Amino acid sequence: MMQWWNSDMLVQSNMMGEDESKNGMNEKKKHTEVETSEKDSPKRKWQFKVKVDLNPGEVICVTGNSVSLGLWVITKARKLCRTDEENIYSGMVDLPANRDVEYRYAVCSLIEPEVSHLDELQCVVRHWETFTLPRVAKTNNEGNGQLEVYGYHNGVEKVGRGWLTCANIIQFKLLNNPIQLWKKKLQGRKIFVKVTPVELKKNVSHEPQCNATEDGFSMETSEAPASSDKWPIIEVAVLNQAEHKLHRQDQFGQPYCENDFILFQAQVLFPETIAFLIDYYTYPSNGEEPPYHVGFSHIMPSSMKASEGQIDVPIVNVRHQPIGEIKVDYLVIKPLKDFDCSTQGTRQNEWKESWTGLDVGHRGSGSSFKPEQQKCADVRENTIASLKSAASHGADFVEFDVQLSRDLVPVLYHDFYVCISTKKKTVDDGDMLQLPVKDLSLEQLHLLKLFNLQEGKQKNSKQFSEDTEEHQPFPTLQQALEVLDPSVGFNVEIKWNMKLKDGTNELNNPLDLNLFLDCVLKVVLTYADTRPIVFSCFHPDICTMIQLKQNRYPVMFLTQCITPKYPAYYDPRCQSIPMAVHFAVSTGLLGINVHTEELLRDPSQMELVKSAGLVLFCWGDDNNNSDTIRHLKELGLHGVIYGQD
């Protein structure tokens, strides 16, 4: 086992999680204690006053660690009112007089019951202040009534995107030149694309009911599309240097150019009641304004039954004649059920300048299954023993792969498939059967005689010390969180099927993606406690979903770019460091984790990542060399993932 480079990051990294549920105290119990202590305590008047630019349909709220501020629960936050001064909002609140009160501002959309068709007001968090330390209302009334600027505090600007509370997010992605227009006069013209939500039925009750048929939902549309200014909210971004941040659509939509990656994002309460109208515009050949309407498409909710997929939709003109078609990749992101995120703090985008050169143990102590046997780790990868070995050698984080068993238990394992022997304990003469991990229950995974794919290919079983439980394959994620020292950081890589550039898939995974991620997230949110956690995945949509389903832990996008070592992925976001940067910034991710081969080929790309304010890790076989690791750290990488020489 290679010796880890000396690093003081272990203690520093642990600071990333120190605000989370200390001593395992239940949040409800803490709230009850605060409510009891404040019930008869003396009060003081405090005026909150803040300057903020709001879009139509948005409000500014204040939340904090007082009952009057909702005890960090966003749905109980205090809404501020607009003053006579432009973009300035204010509110008077009774606060405890015997202690300092912490607070933050958040921009929300409040959906009235007559719009949501629910009994209570619904709160959607658009964005919020994510300073490490919140603002403080001092007991000496210092700062009372003072004008503050939203997102700025102690000379620092820090605003994070909101997480999903009650709303769902639907994304439509236009990539790999998905629009085809057959009319000659339209070919070569610049096309503008606009997406508008359309309600399928008026006056929906508590549980929305649409008239559905075997072929889909009926078109009982309202007289006009849903409002684009208030709710539902539609935003658009283009993954390039100038337009990668989500923004409201222009009147005639987003210009579409060849090889663009355009993302439309809609926030809706009930996806099953909303269809989407896609309008296409172009300017007259003489260049005069305004543009004229070319045609339209409809995307029905019945065509988005899974969490992700691709839809082919015809483009028709006003006479309903087909004039082309569009291929749309979609993603449906649902809120994490039975878990309320707190506004007390977040580590999603926190990274100190001193946190550089982290040692991250690859699959624990390194890969134990490679064609070159001499380069394999001595301890089976992705086991408790492997993780402990890496930590004992000074690793700041241990990286491991997580997927689900058939009974929805998150387990540690890298490959999508395992080999089982049906005849003998050794594989020399036995028949090998290859099965997906997802098709086996946790009990089966623990009982069967299993072999790694490399063992099956080589017809040679590696011998590990598996007399103890810590050396057994397929430990659960919960077990890893409970057993390892809480100061050891976890880099949790999510394993999911990737579509390749040639149109094939790594795995046929019929499990719903929202269900998959919810199973993993609930285990981490329940058992991680103060442990530093970083999520990562090669699938960009999974990174987006983890970022939006919770507000506690950071996410990094794994990218391999284009390399002869691995087949290329279909999604352009996976094919280059610049595209990975645009995606990470657009989504609000902590950073990217790139294939070291790309950095060694062109080290100048490091500056592109850092100038975007992103954290940079690297991975790959090139890292299994002491000189290379030293060189990468000298270049200023934040983390290097490696195992053995």
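**Cysteines, core and cavities in a predicted model**

A search of the whole of this predicted model finds zero disulfides.

Q: Why does C543 form no disulfide with its closest cysteine?
A: A disulfide requires two cysteine sulfur atoms within 2.5 Å. The cysteine sulfur closest to that of C543 belongs to C537. The two are too far apart for a bond, because the distance between their sulfur atoms is 5.4 Å.

Q: Which cysteine has the sulfur closest to that of C166, and why is there no bond?
A: With a cut-off of 2.5 Å for a disulfide, the sulfur of C166 is too far from its closest cysteine sulfur, since the distance is 7.1 Å. That closest sulfur is in C123.

Q: Is C543 buried or exposed?
A: A residue counts as buried under 20% relative accessible area. The relative accessibility of C543 is 0%. C543 is therefore buried.

Q: Which helix gives the largest share of the largest nonpolar core?
A: This core has 87 residues, and F490, I494, F535 and I592 touch the most other members. The largest share amounts to nine residues. They come from residues 513-527, helix α8.

Q: Between which domains does this core lie?
A: The core takes residues from two domains, one spanning 168-200 + 227-333 and the other 358-642. Because both contribute, the core lies between domain 2 and domain 3.

Q: What is the volume of the largest cavity?
A: The structure holds three cavities of 30 Å³ or more. The largest cavity has a volume of about 80 Å³.

Q: Which element gives the largest share of the lining of the largest cavity?
A: Of the 13 lining residues, Q171, L263, T544, S586 and T587 are the closest to the centre of the cavity. Two or more lining residues come from each of β21 (262-268), α9 (540-549) and α10 (577-587). The largest share is three residues, and the element that provides it is α10.

Q: How many residues of this lining are charged?
A: Domain 2 and domain 3 each give at least three residues to the lining of the largest cavity. By type, the lining includes six nonpolar and five polar residues. The number of charged residues is two.

Q: What is the phi of L71?
A: Most residues other than glycine have a negative phi. L71, in the loop between β2 (59-64) and β3 (78-79), is buried at a relative accessible area of 7%. Although L71 is not a glycine, its phi is positive, at about 50°.

Q: Where does N176 lie?
A: N176 is a residue other than glycine with a positive phi, near 55°. Its relative accessible area of 39% makes N176 partly exposed. N176 lies in the loop between β13 (168-174) and β14 (179-181).

Terms used. Residues are numbered from 1 along each chain as its sequence is written. This is a predicted model: local features need pLDDT of at least 70, side-chain atom pairs count only at pLDDT 80 or more; totals for chains, interfaces and linings use all residues. Side-chain values use heavy atoms; hydrogens and water are left out. On a 1 Å grid over the protein atoms alone, a cavity is a set of points where a 1.4 Å probe fits but cannot get out, and a pocket is an open set with protein on both sides within 12 Å along at least five of seven lines; lining residues have an atom within 4 Å of a point. Grid points are joined across faces, edges and corners, and a volume is the space filled by probe spheres set on the points. Helices (H or I, at least four residues) and strands (E, at least two) are DSSP runs, numbered from the N terminus. Ala, Val, Leu, Ile, Met, Phe, Trp, Tyr, Cys and Pro count as nonpolar, Asp, Glu, Lys and Arg as charged, and the others, Gly among them, as polar. Domain bounds come from an automatic or database domain assignment. Buried means under 20% relative accessible area, exposed over 50%, partly exposed in between (1.4 Å probe, protein chains only). A nonpolar core is a set of buried Ala, Val, Leu, Ile, Met, Phe, Trp, Tyr and Cys residues joined through side-chain atoms within 4.5 Å.
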